[in-house]
Amino acid sequence: MTPAFDVRDLEVRYGGRIAVDGVSLRARPGEIVALLGPNGAGKSTLLEALSTAVAPDRGRIEVFGHDVTAEPVAARRRIGMVFQEQTLDVDLPVERNLWFHARLFGLPRTRARSRIDEVLERFGLADRRRDPVEELSGGLARRLEIARALLHSPGLLILDEPTTGLDPEVRRAVWADLARLRDDERVTVLYATHYLAEAELADSVAIIHNGLKVRSGAPAVLKEELAATALILSTSDDEAAAAELVHAGFDASSGPGGVLVRCARPEQRIAEVVRAVTVPVTEVALREPSLDDVYFATTEA
Ligand code: ADP
């Protein structure tokens with residue numbers, strides 16, 4: 001099966017500075033992929049290279065089998081792009097914004113009209129079609145941008161930090177839209193985020209740091225790969241127990257969940273830890289890694 005996108009050994013430089021450093025990444029059609037990484041990691045640059053906005057210095061990118069350098073027009077037709085900054089014409093009515101985009105992508109008039117009706121309906125914007133964009137809430141404006149990106153029926157939707165500046169309820173609605181697109185239309189979704197909670201919603205996550213892909217996989221698999229890194233003790237006096245453990249040379253601290261003891265292979269050190277405290281221990285648990293742990297274990301290395 002042709003991948004929705006296939007990035008191989010991509011390198012992008014700005015002057016002498018390397019922004020994307022040999023990244024390979026691919027997705028099958030209908031997959032939701034998150035690029036997770038801090039600001040400056042190279043996420044936007046990677047998305048821009050995919051959408052043909054910046055040229056690779058090395059490597060190769062295909063979108064549904066079309067090389068973005070050799071066949072940029074064919075590749076662009078398969079891509080819908082939602083930028084970080086709002087790019088709507090706020091003075092114009094909702095449907096005019098869609099109309100210009102549809103014509104830009106060469107949709108014939110009758111096809112443009114029916115497709116505009118479809119996306120307005122799908123994104124709950126049908127009764128706002130004649131309103132100027134400036135009267136829309138931030139959430140509706142974002143949905144309009146997603147609707148606009150889908151007008152030419154691209155198989156790949158690329159979004160750069162799609163929920164920045166939106167409140168939690170609207171963010172949830174945007175995520176529900178994206179999941180529905182995947183489920184109903186098998187649209188492949190690639191988005192950049194620096195929110196761990198948003199990366200959890202993807203089918204697969206690529207952690208990007210300093211231009212490198214440092215880890216990738218399904219969120220659950222990434223968590224499984226990381227062994228437990230701590231023990232959590234419940235005791236009759238957590239403060240005293242933590243002090244005893246620190247005295248015995250452990251990296252321990254007391255917190256709301258009990259006493260956290262950070263160490264490698266914690267499952268092998270339970271007896272040793274329990275022996276080091278004199279206050280009664282009521283429970284010992286291994287702390288299961290979260291996506292946070294995966295992220296920090298990778299980016300701090
Ligand atoms: P992210 O999207 O993860 O925040 P970017 O791709 O925007 O990361 O940036 C990656 C690196 O490239 C950063 O060091 C950034 O300063 C640099 N960079 C991004 N865009 C440009 C540009 N147009 N000119 C020069 N350097 C840039």
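**Exercise 1. A salt bridge at Arg-128**

Task: State which accessibility class Arg-128 belongs to in this predicted model, and identify the residue whose side chain meets that of Arg-128 in a salt bridge.

Solution. Step 1: Arg-128 has a relative accessible area of 22% and is therefore partly exposed. The class begins where the buried class ends, and buried means under 20%. Step 2: the partner is Asp-131, with N and O 2.6 Å apart.

**Exercise 2. Salt bridges close to the N terminus of the numbering**

Task: For the salt bridges of Arg-8 and Arg-13, name each partner and decide whether each residue is buried or partly exposed.

Solution. Step 1: the side chain of Arg-8 meets that of Asp-6, at an N to O distance of 3.4 Å. Arg-8 is partly exposed because its relative accessibility is 37%, whereas Asp-6, at 7%, is buried. Step 2: Arg-13 is bridged to Glu-11, and their closest N and O atoms are 2.9 Å apart. Arg-13 is partly exposed at 38%, while Glu-11 is buried at 9%. Step 3: Asp-6 and Arg-8 also belong to a network of salt bridges that includes Arg-26, Arg-60, Glu-62 and Asp-67. By the rule applied, the count comes to 25 salt bridges.

**Exercise 3. The buried side of helix 3**

Task: Determine which residues of helix 3 (residues 94-104) are buried, what covers them, and which residues His-101 contacts beyond its sequence neighbours.

Solution. Step 1: the buried residues are Val-94, Glu-95, Asn-97, Leu-98, Trp-99, His-101 and Ala-102. Step 2: their cover includes helix 4 (109-122) and helix 5 (138-149). Step 3: His-101 is part of helix 3 and counts as buried because its relative accessibility is 16%. Leaving aside neighbours within four places in sequence, His-101 is in contact with Arg-148, Leu-151 and His-152. Step 4: just after the helix, Gly-106 adopts a positive phi of about 75°.

**Exercise 4. The contact between the two domains**

Task: Describe the interface of domain 1 (5-223) and domain 2 (227-299) by its residues, buried area and salt bridges.

Solution. Step 1: the C-alpha centres of domain 1 and domain 2 lie 42 Å apart. The contact draws 12 residues from domain 1 and 8 residues from domain 2. Step 2: about 1000 Å² is buried between the domains, with 77% of it on carbon and sulfur atoms. On the domain 1 side, Leu-196, Ile-207 and Lys-223 lose the most area to domain 2, together accounting for 51% of what that side buries. Step 3: the rule finds 0 salt bridges across this interface.

**Exercise 5. Two partly exposed helix residues**

Task: Place Val-274 and Ala-176 in their helices, and give the accessibility class of each.

Solution. Step 1: Val-274 lies in helix 10 (residues 270-275) and is partly exposed because its relative accessibility is 31%. Together with Ile-270 and Val-284, Val-274 makes a nonpolar surface patch of about 170 Å². Step 2: Ala-176 lies in helix 6 (residues 168-185) and is likewise partly exposed, at 41%. The C-alpha atom of Ala-176 is 10.0 Å from that of Leu-201, a residue 25 places away along the chain.

**Exercise 6. The chain as a whole**

Task: Summarise the secondary structure, burial and accessible surface of the chain.

Solution. Step 1: the chain has 11 helices and 14 strands. Step 2: of its 301 residues, 48% are buried. Step 3: the chain exposes about 14400 Å², of which carbon and sulfur atoms supply 49%.

Technical notes
Residues are numbered from 1 along each chain as its sequence is written. This is a predicted model: local features need pLDDT of at least 70, side-chain atom pairs count only at pLDDT 80 or more; totals for chains, interfaces and linings use all residues. Side-chain values use heavy atoms; hydrogens and water are left out. Patches are made of residues with over 30% relative accessible area and no salt bridge: like charges are joined within 9 Å, nonpolar side chains (Val, Leu, Ile, Met, Phe, Trp, Tyr) within 5 Å. Accessible areas come from the Shrake-Rupley method with a 1.4 Å probe; for residues, only the protein chains shown count as cover. A salt bridge is a side-chain nitrogen of Lys or Arg within 4 Å of a carboxyl oxygen of Asp or Glu. Helices (H or I, at least four residues) and strands (E, at least two) are DSSP runs, numbered from the N terminus. Buried means under 20% relative accessible area, exposed over 50%, partly exposed in between (1.4 Å probe, protein chains only). Domain bounds come from an automatic or database domain assignment. Contact means heavy atoms within 4.5 Å. Buried area is the accessible area (1.4 Å probe) that two parts lose on being put together, summed over both.
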